[in-house]
Amino acid sequence: MPTDSNTMPIDGRPSGGSSNTGTVLLAANRTVLAGTYPVLGVGYWTTHPSLWALTLCHVIIAVAVSFVITIFMFIFLLPLQARALMNLNCPEWAAWLVCVLFTLIESSVASVVFSLLYIFLFVMDRIFDLVMKQRGHGNIAKRAEELRKRERSCTRGFQRFLHPLSFTLCVILVAPISIIPIVGWYIFFLVNGYFTAWGCHLHYFDQLQMTGKEAHQYMRSHWNEYMSFGWSAGGMGLLPFGIGTFTMFTSTVGSALWAADLEDEHRGPISELEAAAAGDVPTPAIAATV
């Protein structure tokens, strides 16, 4: 029986002349929605005390270790630097004054680097896992292992270690460009947004045993959504008075809520692979390198 090209086919998707418009509107809605997840993460975090305890516990650990680093550097490093300057005929008072300032800067940098590594490599992952478990997706890593039959690679762990360092380095290098009106602002937010979005879903991709190439491939196929999320989370991270630091945790919550919704809607990488394995949809691009 002939059918009208503009009617809805049996799979529920529009066809004919309305399909293009419907696809564009759906993509636009998903792009806008992705940008709201960092804000949704704030609401979810404030209404789930289990996340408070998890966040506070690790923040206390990071602060305590940073305090120990500072004390250690003032006890051992400060005298060594002061004696070195005095050996170069620097006046004693000037040597101690300069070295106190240097040690303050050095301890601050060391504390910040440690805190970033600790938060990115341990705290964020645990927050992400807890939210995914609360949303009913605590078994996602097991699903990926059963489906892909791939051993976990140490290179993925190495990538996780490098991400906060590479993110910080790129932001520092790109920051001067931001003084250029419009073009500089766009480049800065483009780099910041991409790295922010990638970092927030890096643990998600790792759980799915995706290589770096597969993760970037998936992000490119959902470019507008990831950039919308990254710009929103990155912009919140620039808020002053410590608010930006707090949003690192809530944006991780938002990224987990987004990942859970992707899995609920069967649009996540692992859902695409499962559907392809069942023959329901064509094999996704990320499966090409499996």
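## A walk through an all-helix chain

T70 is partly exposed, with a relative accessible area of 24%. That makes T70 a handy doorway into this model, which is a predicted one. The residue sits in helix α2, which covers residues 49-87. Setting aside neighbours within four places in sequence, T70 makes contact with S107 and S111. The C-alpha atom of T70 also lies 8.4 Å from that of A110, although 40 residues separate the two along the chain.

Let us step back to see the whole fold. The chain has eleven helices and zero strands, so its pattern along the sequence is simply α-α-α-α-α-α-α-α-α-α-α. Of the contacts between residues at least 6 apart in sequence, 75% join residues at least 24 apart. Buried residues account for 40% of the 290 residues. The accessible surface comes to about 16,000 Å², and carbon and sulfur atoms contribute 72% of that area.

Now follow the chain out of α2. In the loop between α2 and α3 you will meet N89, whose phi is positive, at about 70 degrees, even though this residue is not a glycine. N89 counts as exposed because its relative accessible area is 74%, over the 50% cut-off.

Beyond that loop comes helix α3, made up of residues 92-134, and L97 is found there. L97 is partly exposed, with 47% relative accessible area. It belongs to a nonpolar patch on the surface, together with W93, V98, L101, F102, L104, I105, V109 and V113. Taken together, the residues of this patch have about 860 Å² of accessible area.

For a look at the interior, turn to helix α10, residues 243-264, where S251 lies. Is S251 buried or exposed? With a relative accessible area of 4%, S251 is buried, because that value is under the 20% cut-off. Apart from neighbours within four places in sequence, the contacts of S251 are with P38, C200, F229 and A233.

Our last stop is the loop between α10 and α11, the latter covering 269-278, and here we find H266. Its phi is positive, at about 60 degrees, and H266 is not a glycine either. H266 counts as exposed because its relative accessibility is 60%. N89 and H266 can thus be viewed side by side: each has a positive phi without being a glycine, and each is exposed.

Note on methods
Residues are numbered from 1 along each chain as its sequence is written. This is a predicted model: local features need pLDDT of at least 70, side-chain atom pairs count only at pLDDT 80 or more; totals for chains, interfaces and linings use all residues. Side-chain values use heavy atoms; hydrogens and water are left out. Patches are made of residues with over 30% relative accessible area and no salt bridge: like charges are joined within 9 Å, nonpolar side chains (Val, Leu, Ile, Met, Phe, Trp, Tyr) within 5 Å. Accessible areas come from the Shrake-Rupley method with a 1.4 Å probe; for residues, only the protein chains shown count as cover. A salt bridge is a side-chain nitrogen of Lys or Arg within 4 Å of a carboxyl oxygen of Asp or Glu. Helices (H or I, at least four residues) and strands (E, at least two) are DSSP runs, numbered from the N terminus. Buried means under 20% relative accessible area, exposed over 50%, partly exposed in between (1.4 Å probe, protein chains only). Contact means heavy atoms within 4.5 Å.
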